[in-house]
Amino acid sequence: MCPVNVHWHLGSEHYSYGEFDENGDGPHGNIPRPDWAARDLAESGEKVQDGFRCHYYDASDPKFTTPYDWKHCKGMEVGETYEVHWPHSAAGACGTVNQYQTPFYDGVFCNLDMDTFSTLAAQDIANAVGVHGQVFTIVNDESYFYPDMMRGMIIDEEMGMGQDIAYYTGSTTGETRSNEMCSMYTPITWQVDRKCHMISASSFDKLCYDMKMQRDDMSDDLHAHGSRELVKDDLVANNQARKALRA
């Protein structure tokens with residue numbers, strides 16, 4: 001299994017009380033729970049549904065308000081919260097020049113023909129497809145630079161990144177999915193960092209540069225996507241597990 005795509009959503013799709021929730025903040029405020037707002041984002045001025053914000057934002061601190069000169073990402077903003085997803089697949093073109101693809105479905109099912117796909121049971125998909133999720137607030141401060149966001153969740157014990165993980169089975173996300181409109185791609189295994197982290201704008205711009213260097217055209221993932229509304233309790237899987245990594 002390997003990462004086959006990377007993309008991100010405006011605000012967090014997941015909810016972690018005290019980390020990314022209705023009490024967070026950003027340059028455009030936050031959303032309440034459970035009422036949702038739509039903000040004017042990104043490259044074409046399209047409106048996308050946003051998610052929750054982290055608690056770091058401080059309008060009096062220049063690292064949250066100093067604009068960054070973006071060279072590669074589109075429509076990104078210092079001070080905002082974004083949830084990054086790294087879809088992984090056992091049917092991806094792992095270790096080849098075609099490993100990373102947009103849309104992510106292409107990467108997930110790259111080496112899987114339709115005849116085989118039609119025979120897969122739910123547990124087969126859960127075993128073969130997974131997503132890493134991690135939530136960040138962007139700052140204009142190079143002390144928060146990480147050189148490689150392409151390969152998956154950042155694991156840094158010293159900074160507490162990727163150490164407190166929630167595991168569960170769910171589905172694909174995005175604003176086209178809701179509590180009324182389900183995803184046909186389920187169940188898939190999720191591993192989500194329960195903590196929010198600050199990261200430099202240059203880290204994201206380096207990620208977007210790396211995405212541009214792939215054989216497949218990943219330009220549709222160089223901006224933030226809309227966030228799925230918070231899933232109702234009665235629709236959530238009952239197999240959530242929490243694991244704190246130990247050295």
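Leaving aside its neighbours within four places in sequence, which residues is His-88 in contact with? Hold that thought for a moment, everyone, while I set the scene.

What you see is a predicted model, where local features need pLDDT of at least 70 and side-chain atom pairs count only at pLDDT 80 or more, while totals for chains, interfaces and linings use all residues. Residues are numbered from 1 along each chain as its sequence is written, and side-chain values use heavy atoms, with hydrogens and water left out.

Now back to His-88. Contact here means heavy atoms within 4.5 Å. With neighbours up to four places away set aside, His-88 is in contact with Met-1, Cys-2, Pro-3, Ala-128, Val-129, Gly-130, His-132 and Arg-151. His-88 belongs to strand E7; helices (H or I, at least four residues) and strands (E, at least two) are DSSP runs, numbered from the N terminus. Is the residue buried or exposed? With 10% relative accessibility, His-88 counts as buried. The cut-offs are these: buried is under 20% relative accessible area, exposed is over 50%, and partly exposed is in between, using a 1.4 Å probe and protein chains only. There is also a close pair here: a polar atom of the His-88 side chain lies 2.7 Å from the backbone oxygen of Trp-86.

Let's step back to the whole chain. The secondary structure comes to 4 helices and 11 strands. Of the 247 residues, 49% are buried. The chain exposes about 11,700 Å², with carbon and sulfur atoms supplying 50% of that area; accessible areas come from the Shrake-Rupley method with a 1.4 Å probe, and for residues only the protein chains shown count as cover. And if you take the contacts with a separation of 6 or more, 77% of them are between residues 24 or more positions apart.

How far can we trust the model? The confidence score, pLDDT, is given by the predictor for each residue and runs from 0 to 100. The chain averages 86, and 82% of the residues score at least 70. Among the elements, helix H4 (residues 201-212) has the highest mean pLDDT, 98, and strand E4 (residues 38-40) the lowest, 39. Over residues 35-42 the pLDDT is below 50, and this stretch has 31 contacts in the model beyond near neighbours in sequence. Please remember that where pLDDT is low, the predicted coordinates should not be read in detail.

On to the cysteines. How many disulfides does the structure hold? There are 3, a disulfide being a pair of cysteine sulfur atoms within 2.5 Å. Counting bonded cysteines along the chain, the pattern is 1-4, 2-5, 3-6.

Cys-2 pairs with Cys-94, S to S 2.1 Å. This link is left-handed, with -85° about the S-S bond. Cys-2 lies in strand E1 (residues 2-3) and Cys-94 in the loop between E7 and H1, so the disulfide ties together parts that are 92 residues apart in sequence. Cys-2 is buried at 6% relative accessible area, whereas Cys-94 is partly exposed at 34%. You may also recall Cys-2 from the contacts of His-88.

Next come Cys-54 and Cys-196, whose sulfur atoms are 2.0 Å apart in their disulfide. The torsion about their S-S bond is about 100°, so this disulfide is right-handed. Cys-54 sits in strand E6 (residues 53-54) and Cys-196 in strand E10, 142 residues apart. Both Cys-54 and Cys-196 are buried.

Then we have Cys-73 and Cys-208, a disulfide with sulfur atoms 2.0 Å apart. A torsion of about 100° about the S-S bond of Cys-73 and Cys-208 means that the disulfide is right-handed. Cys-73 is in the loop between E6 and E7, Cys-208 is in helix H4, and they are 135 residues apart. Cys-73 and Cys-208 are both buried.

Why does Cys-110 have no bond to Cys-94? The closest cysteine sulfur to that of Cys-110 is in Cys-94, and at 9.2 Å it is too far for a bond. Cys-110 counts as partly exposed, at 32% relative accessibility.

Two loop residues to finish. Pro-103 is in the loop between strand E7 (81-89) and helix H1 (104-108), and the peptide bond from Thr-102 to Pro-103 is cis, with omega near 0°. Thr-173 is in the loop between strand E9 (164-170) and strand E10 (188-200). Not counting residues up to four places away in sequence, Thr-173 touches His-9, Glu-13, His-85, Trp-190 and Arg-228. Thr-173 and Glu-229, 56 residues apart in sequence, are 9.0 Å apart in space, C-alpha to C-alpha.

Thanks for listening!

Methods: Polar contact = N/O pair within 3.5 Å; in protein donor to acceptor, adjacent residues only side chain to side chain.
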